Amino acid sequence: MSDFLRNEIQAEKESLKATGKAVQVKGWDVQTEDADITFRKKYGSEEIKVVVNVNHAVDAEHDEDATEQGGEESGLTKMVCKPNFHVEILKGGSTLWFNCAMSPTEDMDHDEAPEQGGETYEDKFNIEEFSIYKGKLEDKTYVMSGEIMDGGFYDNLMNMLDERGINSDFVSEVTDFATLYEQKLYVNLLENLQDIVKKN
């Protein structure tokens, strides 16, 4: 176990060093606490909060940056953190709440993506649930599923998020930030385990 931890920690730290400078999410204040990442900003009189949790959100993805000689794709994969997230927009004492998920079609070819409203659907996230409440979200609060929303209503909600900077570009930056942050948490976990293993 000691040898594995030493080698794994070294490999992960070298990977982090190769990543370069810290990833930024433009226009947002960022706060981290354990596996939670919170992004905050103001939009006029509104207070906007986006919360993600990196647990159970890492998966293998084709590495588009890796190529073999001759310019051909290498077929290599990389670990990417794509957490679900929820958005809270506080306005006039009420909170608009969106539960969102990274779109499973974001790595599809353009012509393979499903269509919605006659146009190719290319957003990197989906609205899974939507609600409005005062105070706090409770089990008795009505929550509408994105699967049963009218197409026009769904599009307007997506436009509302887009106007507030929550769009595919934001999701890409959050993915990069979460991937780097989760890797640091993993290294920290290994180092904690290493300290425990060393104790008699």
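Modeller: Before we start, residues are buried under 20% relative accessible area, exposed over 50% and partly exposed in between (1.4 Å probe, protein chains only). This is a predicted model, where local features need pLDDT of at least 70 and side-chain atom pairs 80 or more, while totals for chains, interfaces and linings use all residues. Residues count from 1 along each chain as written, and side-chain values use heavy atoms, without hydrogens or water.

Colleague: Okay, so is lysine 91 buried, exposed or partly exposed?

Modeller: Lysine 91 has 45% relative accessibility. That sits between the two cut-offs, so lysine 91 counts as partly exposed.

Colleague: Which residue does the side chain of lysine 91 meet in a salt bridge?

Modeller: A salt bridge here is a side-chain nitrogen of Lys or Arg within 4 Å of a carboxyl oxygen of Asp or Glu. For lysine 91, the N to O distance is 3.3 Å. The pair joins distant parts of the chain, with lysine 91 in strand 6 (residues 85-91) and its partner 45 residues away in strand 3 (residues 46-53). That partner is glutamate 46.

Colleague: How are those strands picked, and how many does the protein have?

Modeller: They're DSSP runs numbered from the N terminus: helices (H or I) need at least four residues, strands (E) at least two. Along the sequence, the protein begins with a helix, goes through its strands and ends on two helices. There are three helices in the protein, and the strand count is 11.

Colleague: Back to glutamate 46: what is its relative accessible area?

Modeller: Glutamate 46 is buried, so its value has to fall under 20%. In this model the relative accessible area of glutamate 46 is 3%.

Colleague: How far apart are the closest N and O atoms of arginine 164 and glutamate 46?

Modeller: These two form a salt bridge, and both of them are buried. Arginine 164 is in the loop between helix 2 (151-163) and helix 3, 118 residues from glutamate 46 in strand 3. Their closest N and O atoms are apart by 2.7 Å.

Colleague: Which residues are linked with Glu46 in a network of salt bridges?

Modeller: We've already met two salt bridges of glutamate 46, one with lysine 91 and another with arginine 164. Glu163 belongs to the network as well. So alongside Glu46, the linked residues are Lys91, Glu163 and Arg164.

Colleague: And which residue in strand 3 pairs with glutamate 88?

Modeller: The side chains meet in a salt bridge at 3.6 Å, N to O. Glutamate 88 lies in strand 6, with its partner 39 residues away in strand 3. The partner has a relative accessible area of 22%, which makes it partly exposed. It's lysine 49.
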